[in-house]
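Visitor: I am new to this structure and would like a close look at a single part of it. Please take one place where two helices pack and go through it slowly.

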Amino acid sequence: MKAADTDTLFDDIADRVVALGNEFLDANPDADAWEIASGMLSGIVHFWLYTHQPCADPSCRSCAEMATAEMRLEQLLDEARESAEESSYYHSPFDRNVGNA
């Protein structure tokens with residue numbers, strides 16, 4: 001797959017996950033939005049961990065960065081941190097560390 005195709009697929013998947021969250025909120029108006037988001041995150045984490053398991057070859061160079069559970073968790077957290085920091089929702093005007101002049 002070409003890089004442009006991969007970027008488009010990445011963006012399409014991210015958009016669909018957001019749309020799915022909004023569908024859950026619309027279908028369950030009394031539900032806690034945080035609970036819906038946490039359930040979605042749990043499913044996404046499980047899927048990510050499943051798809052990033054190393055192969056059976058202990059000397060595989062492609063799997064070297066994911067060779068242990070701790071290494072996979074570090075990669076997952078790095079990826080989640082990067083996505084969060086790139087989000088327009090990362091900062092809120094109600095954050096406690098927002099300065100007011």
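Guide: What follows describes one helix pair and then the chain around it. This is a predicted model, in which local features need pLDDT of at least 70 and side-chain atom pairs count only at pLDDT 80 or more, while totals for chains, interfaces and linings use all residues. Residues are numbered from 1 along each chain as its sequence is written, and side-chain values use heavy atoms, with hydrogens and water left out.

Two packed helices are described by the angle between their axes and the distance between the axes. Here helix H2, residues 33-51, packs against helix H3, residues 69-86, at an angle of about 130°, and their axes are 11 Å apart. Helices are DSSP runs (H or I, at least four residues), numbered from the N terminus. Axes are lines fitted to C-alpha atoms, for helices over the stretch in contact, and angles run from 0 to 180 degrees between N-to-C directions. H2 and H3 are therefore oblique to each other; angles under 35 degrees count as roughly parallel, over 145 as roughly antiparallel, 65 to 115 as roughly perpendicular and the rest as oblique.

H2 contributes Val45, Trp48 and Leu49 to the contact, and H3 contributes Arg72, Gln75, Leu76 and Glu79. Contact means heavy atoms within 4.5 Å. Of the residues in this contact, four are nonpolar, one is polar and two are charged. Ala, Val, Leu, Ile, Met, Phe, Trp, Tyr, Cys and Pro count as nonpolar, Asp, Glu, Lys and Arg as charged, and the others, Gly among them, as polar.

As for the surroundings, the protein has three helices and zero strands, and along the sequence the pattern is α-α-α. The C-alpha trace spans about 55 × 40 × 30 Å along its principal axes.

Note on methods: Helix = DSSP H or I, 4+ residues; strand = E, 2+ residues; numbered from the N terminus.
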